[in-house]
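Trainee: I've got a structure open and I'd like to learn how to read it. Could you walk me through it?

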Amino acid sequence: MNPSFQEAWALLPDYLGQHVILSVSALILGVAVSVPLGIVAARSKGIGAPLLGLVSVIQTIPGLALLALFYPLLLALSALARNLFGVSFRALGFLPALLALTLYAMLPVLRNLVTALKGLDPAILMAAKGVGMTPRQSLYKVELPLAAPQLLAGIRTATVWVVGITTLSTPIGQTSLGNYIFTGLQTENWVFVLFGCVAAAGLALVLDFLLAVAGQALQARSRRRLALAGLGLAVLIAASLGPGLAQTPARGVVIGAKNFDEQYILADMMADQLGRAGFAVRQKIDLGSTVALRALAASDIDAYVDYTGTLWGDAMHRTDMPGRQSMREQLTSWLASHYGVALMGPLGFENAYVFAMRADRAKALHIRSLADVALHPDLVIGGDFEIFSRPEWRTVAAAYGVSTMRRRQYQPDFLFRAVMSGDADLVSAFSSDGRIARYGLTILADPKEALPPYDAVLLIGPSHAHDPRFLASLRPLIGAIPLALMQQANLMVDRDQDKRTPAETAAWLEEHLRGQQPPRLPD
Amino acid sequence: MIEILHVSKAYAGSGREGVSDLTLTIRQGEFLALIGPSGSGKTTTLNMVNRLVEPDAGTIRIEGRDTREADPVQLRRGIGYVFQEAGLFPHMTVAENIAVTPRLLGWAEARIEARVDELLALIRLDAKAYRDRLPQGLSGGQRQRVALGRALAAKPHILLLDEPFGALDPVTREAVAGDVRDIHQSLGLTTLLVTHDMTEALLLADRIAVMREGTLVQTDTPHELVSRPADSFVAKLIETPRRRARALAKTLAL
């Protein structure tokens, strides 16, 4: 059997379980909020129209953005609660995902219920009043039962949406079937991507089917079929809760990783080191780039690797370039005083933004450095999702006069394909990416030093910043990974032939660090 | 006895039928038909009796008691009402529809079940075949019969009928109407029927009250109405049944 498939299969109980719990909780909460709101909205014109409008607007916010917005919102609320009441809550993971998904679940439920209630035959409502029902009795005995089929249809729509959108909660630190998709996209592991999609679609279909059976049972007044559908749901939820309850871990320590291969490898290494020192270790991977530092400061995670240039621009909002050494020193004291975060030290390699071209194309156009690019205003530059909004790009654009170049944005893994196929003439890349050499790309020189240094540095959260055992177990990583070694490790995960998983690559790197001969791997 | 005293109801700016200064007494045990063209205010008058519509002015007394003193919900539970086109609850079975008001009144389940069987017999529907059917599985006449059963379930003394036979075919219509009159008689009800069909009114009612544009034109027994119409409007109303009777007599005589 395909090893990727086996790995995916092994992860299924955890991913599926968390996915089900999150989706079902959001649906229950969404329905619980929407039904009373729908009843009020159907009875009052003043409330109904604005409410439906508002919920429709929420629906137009892309799922990923809505989920991401809840993280800073909850962080602020958590800080407020800590100041006011001395209690705080975790702003990463389950809670923001739950709230965002609840909002998503609301529209179809609310809209169907309001439409159904407003569309009831006035003669029936008159009859309910005429036989002596109070408004409440009319609602429960006549209006809601008659609106039930449409309400259930709305719940089924919401179910399919929510199960699908739950996959997007991975970047805010909530494990779901989306982990397969995000990780798979990063490592070009299409088995993972497909596995995640099929699992999510399968779950949506199963839930939809159970609700349909429940609906038919209600319609046909068959208690037996209703019980069967209820049993199906209960079994699904119990099966999902099972693995979570069985291994409810003492929280232990949590290693964070952003959403690319190098981060997965480094997180696996850190987890191995800490595990060997006796810590119970969990990982939260695929965190958004700026989410990671805030998660560390809030102790949602306890350690991860970031890059000096990223922190300098994104966290400190600095645009000056004081030089490699001074930048790291300033960052160290700023992180400590601002967040209580310890910058433990550099790992030894740099993962800088660089711009790369196909060697033959660069040669043909006589382009060697970024300065030469300005002479070819018709070139197309490809970048990842963040480069063009980052200060580095503004500095480069100003320094070399390339701000008017045509731009295209790609999912990071497709950048190399874009430049090889000629969709883009030059692309942004990361210096530690093993594929630069593999594809024979030329890195353009930066004679004006417009790009800052991006030394990989190990950051430790406030709860373990002064924990000697914790720090000691990670110390072997400091200064131990030269650029060539990291490039090689990244390539092992990225390449199409003889692909390794991040965990295998981490083990390979660790062997290397321990001074043993690394196991022979074919290129 | 229902006493309607100087009752008015106006609907500002809408096409709905208003009523102005209407006084009418329906005697104990009487079957009174309220007749008039659409817009004459007859349904509004009917609905004011059980406070589905609240009058702007005037007083309505039932058994001598001002309806405004009663809780409207309790009042409606004590009055039988059959709606236009039945108004059955589509999600409830025949038995559940009939049992609605007794359930609202908190009767014991066994008493409700017994009452449902009694009513099914009264409205001449086979309990075994129809008890658990939904309204959509019934014919128009059967639906009207169930609606009548529902109206009578809690043993009211007063029965309000809002054009209950309007949607029925002529044969069914006659059968159901005849049953309604028989039930009125056997239960000793006080019945107020709203209709726009003079023939029906003449055949069923003890007395007929003719309405036009929110006021009463004439209130009399069928015989008085036919022999002494108060004005040309009433004369015109009874012209149709007269003509039909003559034509029918001619046909039958041949």
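Mentor: Sure, starting with a strand pair: β1(B) and β4(B) run antiparallel to each other over 5 bridges. Strands here are DSSP E runs of at least two residues, helices are H or I runs of at least four, and both are numbered from the N terminus. Two strands pair if DSSP finds at least two bridges between them. Bear in mind that this is a predicted model: local features need pLDDT of at least 70, side-chain atom pairs count only at pLDDT 80 or more, and totals for chains, interfaces and linings use all residues. Residues are numbered from 1 along each chain as its sequence is written, while chains are lettered from A and ligands numbered from 1 in the order in which they are written.

Trainee: Which residue stands opposite B:Ile4 in β4(B)?

Mentor: That's B:Ile60. On the general side, strands of a sheet pair through backbone hydrogen bonds, either parallel or antiparallel. β1 (residues 2-9) of chain B also pairs with β2(B), again antiparallel over 5 bridges. There, B:Glu3 faces B:Thr25, and B:Lys9 has B:Val19 as its bridge partner.

Trainee: What is the strand order in that open sheet of 4 strands?

Mentor: Read across, the order is β2-β1-β4-β5 in chain B, with antiparallel pairing. β2 (19-26) and β5 (65-66) are the edge strands, each pairing on one side only. Helix α1 (residues 42-49) of chain B packs on the sheet and touches β1, β2 and β4 (57-62), its direction making about 120 degrees with that of β1(B). Touching means contact, with C-beta atoms, placed from the backbone, within 7 Å. For the angle, axes are lines fitted to C-alpha atoms, for helices over the stretch in contact, and values run from 0 to 180 degrees between N-to-C directions.

Trainee: How do I read the sheet with 6 strands?

Mentor: Its order is β6-β7-β8-β3-β9-β10 in chain B; it is open, and the pairing is mixed. At the edges sit β6 (79-82) and β10 (215-220). Neighbouring strands are turned by 15 degrees against each other on average, direction ignored. One parallel pair is β3 (residues 31-35) with β8 (residues 190-195), over 5 bridges, where B:Ile35 partners B:Thr195.

Trainee: Over to chain A. Why do the buried residues of α21(A) lie on the same side?

Mentor: First the general idea: an α-helix has 3.6 residues a turn, so residues three or four places apart point the same way. Helix α21 (residues 502-513) of chain A buries A:Pro502, A:Thr505, A:Ala506 and A:Leu509. Those four cover an arc of only 105 degrees around the axis, so they end up on the same side. The arc is taken from the directions from the helix axis to the C-beta atoms. Buried means 20 or more other C-beta atoms within 10 Å of the residue's own; 12 or fewer is exposed, and in between is partly exposed. Their cover includes α10 (261-276) and α20 (483-494) of chain A. Just after the helix, A:Gly515 takes a positive phi of about 80 degrees.

Trainee: Which residues touch the most other members of the largest nonpolar core?

Mentor: A:Ile255 and A:Ala356, out of 216 residues. Such a core is a set of buried Ala, Val, Leu, Ile, Met, Phe, Trp, Tyr and Cys residues joined through C-beta atoms within 7 Å. Helix α4 (residues 94-118) of chain A gives the most, with 15 residues.

Key. Two residues are in contact if their C-beta atoms, placed from the backbone, lie within 7 Å.
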